[in-house]
Amino acid sequence: MNKTTLATVANFFFPGAGYLILGVKRGLALLWLAGVIALTVVEFGIRDSEPTLYAVMFVAVLVMNTAFAIDAYRVGKELEGELAPA
């Protein structure tokens with residue numbers, strides 16, 4: 001698995017981790033990781049008491065994680081020289 005693929009997968013499951021793998025956006029990556037941990041705590045906290053809000057938050061996190069994965073892929077390809085900078 002090459003660095004771009006690893007970063008893409010990592011950024012989907014742990015937004016920010018993919019940037020750390022690529023060596024870019026380090027400060028933001030650490031903040032995003034902290035935010036993801038906090039959101040996960042909140043998400044699990046409302047799962048039983050607020051199922052509707054949990055569903056909305058789950059979808060929102062899925063969309064956000066997908067966007068982070070796409071961005072890590074684009075950044076990785078730019079670093080490899082296979083994609084023009086956006």
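**Helix α1, a nonpolar patch and aromatic pairs**

The cover over the buried residues of α1 includes α2 (17-22) and α4 (51-80). This is a predicted model, and the points below take up helix α1, a surface patch that involves Leu62 of helix α4, and the aromatic pairs, of which the structure holds 4.

**Helix α1**
- Within helix α1, which spans residues 3-13, the buried residues are Thr4, Ala7, Thr8, Ala10 and Asn11.
- Where α1 starts, the backbone nitrogen of Thr4 has a side-chain oxygen of Asn2 within 3.1 Å.

**Nonpolar surface patch**
- Phe58, Val59, Leu62 and Val63 together make up a nonpolar patch on the surface, and their combined accessible area is about 370 Å².
- Leu62, which has its place in helix α4, counts as partly exposed because its relative accessibility is 41%.
- Phe58, another member of this patch, is likewise partly exposed, at 45% relative accessibility.

**Aromatic pairs and cluster**
- Among the 4 aromatic pairs of the structure is the edge-to-face pair of Phe12 and Phe13, with 5.0 Å centre to centre and 90° between the planes.
- Phe12 of this pair is partly exposed, with a relative accessible area of 25%, whereas Phe13 is exposed, with a relative accessible area of 53%.
- Tyr54 and Phe58 form a tilted aromatic pair, at 6.3 Å centre to centre with 40° between the planes, and both residues lie in helix α4, 4 residues apart, or about one turn of the helix.
- One aromatic cluster is formed by Tyr19, Trp32 and Phe68.

Notes:
Residues numbered from 1 in each chain as written. Predicted model: local features only at pLDDT ≥ 70, side-chain atom pairs only at ≥ 80, totals over all residues. Heavy atoms only, no water. Buried < 20%, exposed > 50% of the residue type's maximum accessible area, 1.4 Å probe, protein only. Helix = DSSP H or I, 4+ residues; strand = E, 2+ residues; numbered from the N terminus. Contact = heavy atoms within 4.5 Å. Polar contact = N/O pair within 3.5 Å; in protein donor to acceptor, adjacent residues only side chain to side chain. Patch = residues over 30% accessible without salt bridge, like charges linked within 9 Å, V, L, I, M, F, W, Y side chains within 5 Å. Areas by Shrake-Rupley, 256 points an atom, 1.4 Å probe, with all protein chains shown as cover. Salt bridge = Lys/Arg side-chain N within 4 Å of Asp/Glu carboxyl O. Phe/Tyr/Trp six-rings, centres within 6.5 Å; stacked < 30°, edge-to-face > 60°.
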